[in-house]
Amino acid sequence: MPAFDADRGAVMERARAAGVERVLLIGGIDEEQGHLRALRVADELGLPVSAGVHPHEARLATAAIYHELRALAADKRIVAIGEIGLDFHYDHSPRDVQREAFRAQVRLAREVKLPVIIHTREADHETATMLEEEGATAGVIHCFTGGHDLARRALALGFFISFSGIVAFPRAEVIQEVARTIPLDRLLVETDSPFLAPPPHRGKRNEPAFVVEVVRTIARLRGVPPEVVGAAALANFRRAFAIA
């Protein structure tokens, strides 16, 4: 994203210094061709990428876009389809259009045998239902903000659940309880950079180095050393995205 144009290399140096070994770039297909920007950055930094039509941009989805996405799936740099899903908070695209784009991309992901990265906001029940109906079996619930029911249904599908800095927010009791109780082998951590910086970085531009604070928070919740959570998250990342 443009927030990192001035110091992207330094951002990655700080991440590695903090102990972050793996980073996934999210490539949103939008009017500014975010997925192509992500691929250029991936080449510069040697990182894997996803590509997909975010629910905010669902109104842009066309047969030509799906054809492009299917072709991108053959690119070894692309390890997932996403973010895709439903966002009934902002409704930047009409809900029926979001639903259509979501189903189409879940089916496409199954066809090309890639996991999906799911964005869901104020649509958890419908998101889980559509994943179940479409037979989705590989993916990640990104930036988890749901409750126990979404977690249960996602885990039953074989999905991973990824926690952002929100898990460290004082009022995030339900999210914290899910982070405390889900199986360790289904847990991922993320930043959602440049958004959602965890304490003690609230108000700053978020960046990958700060994911360490997410790990520390989850470790405290689970009563284990941070190294245990970090090692599990790294192993789960490799499994989720089939990265050696």
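Helices, as named in this tour, are DSSP runs of H or I with at least four residues, strands are DSSP runs of E with at least two, and both are numbered from the N terminus. The model you have open is a predicted one.

Begin by selecting residues 49–52, which make up strand β2. Show the side chains here and follow how they alternate: Val49 and Ala51 point one way from the strand, Ser50 and Gly52 point the other way, and all of these residues are buried.

Keep β2 in view and add residues 25–28, which form strand β1. These two strands pair in the parallel sense, with four bridges between them, and if you pick out Gly27 you will find it standing opposite Ala51 of β2. To see how the chain travels from one strand to the other, select residues 34–45, which are helix α2, since the path leaves β1, passes through this helix and arrives at β2 in a right-handed β-α-β crossover.

Next, select residues 78–87, which form strand β3. This strand pairs with β2, again in the parallel sense, over three bridges, and which residue of β3 is the bridge partner of Ala51? The partner is Ile81, so labelled in your viewer beside Ala51, while Gly27 stands opposite that residue in the pairing with β1. The connection between these strands can be followed by selecting residues 63–72, helix α3, through which the chain crosses from β2 to β3, and this β-α-β crossover is also right-handed.

Stay with β3 for one backbone detail and select Gly82 together with Glu83, which are joined by a cis peptide bond with an omega of about 10°. Of this pair, Glu83 can be placed in strand β3.

For the last stop, move to the loop between β7 (187–189) and α8 (211–222), where Pro194 lies. The peptide bond that leads from Ser193 to Pro194 is cis, with omega near 5°. In the loop between β7 and α8 you can also select Asp192, a residue that is not a glycine and nevertheless has a positive phi of about 60°. Leu196, too, is found in the loop between β7 and α8, and although Leu196 is not a glycine, its phi is positive at about 60°.

Is Leu196 buried or exposed, or does it fall in between? Its relative accessible area is 25%, and because buried means under 20% and exposed means over 50%, Leu196 counts as partly exposed.

Terms used: Residues are numbered from 1 along each chain as its sequence is written. This is a predicted model: local features need pLDDT of at least 70, side-chain atom pairs count only at pLDDT 80 or more; totals for chains, interfaces and linings use all residues. Side-chain values use heavy atoms; hydrogens and water are left out. Buried means under 20% relative accessible area, exposed over 50%, partly exposed in between (1.4 Å probe, protein chains only). Two strands pair if DSSP finds at least two bridges between them. A crossover is right-handed if, with the strands pointing away from the viewer, the path from the first strand over the helix to the second runs clockwise.
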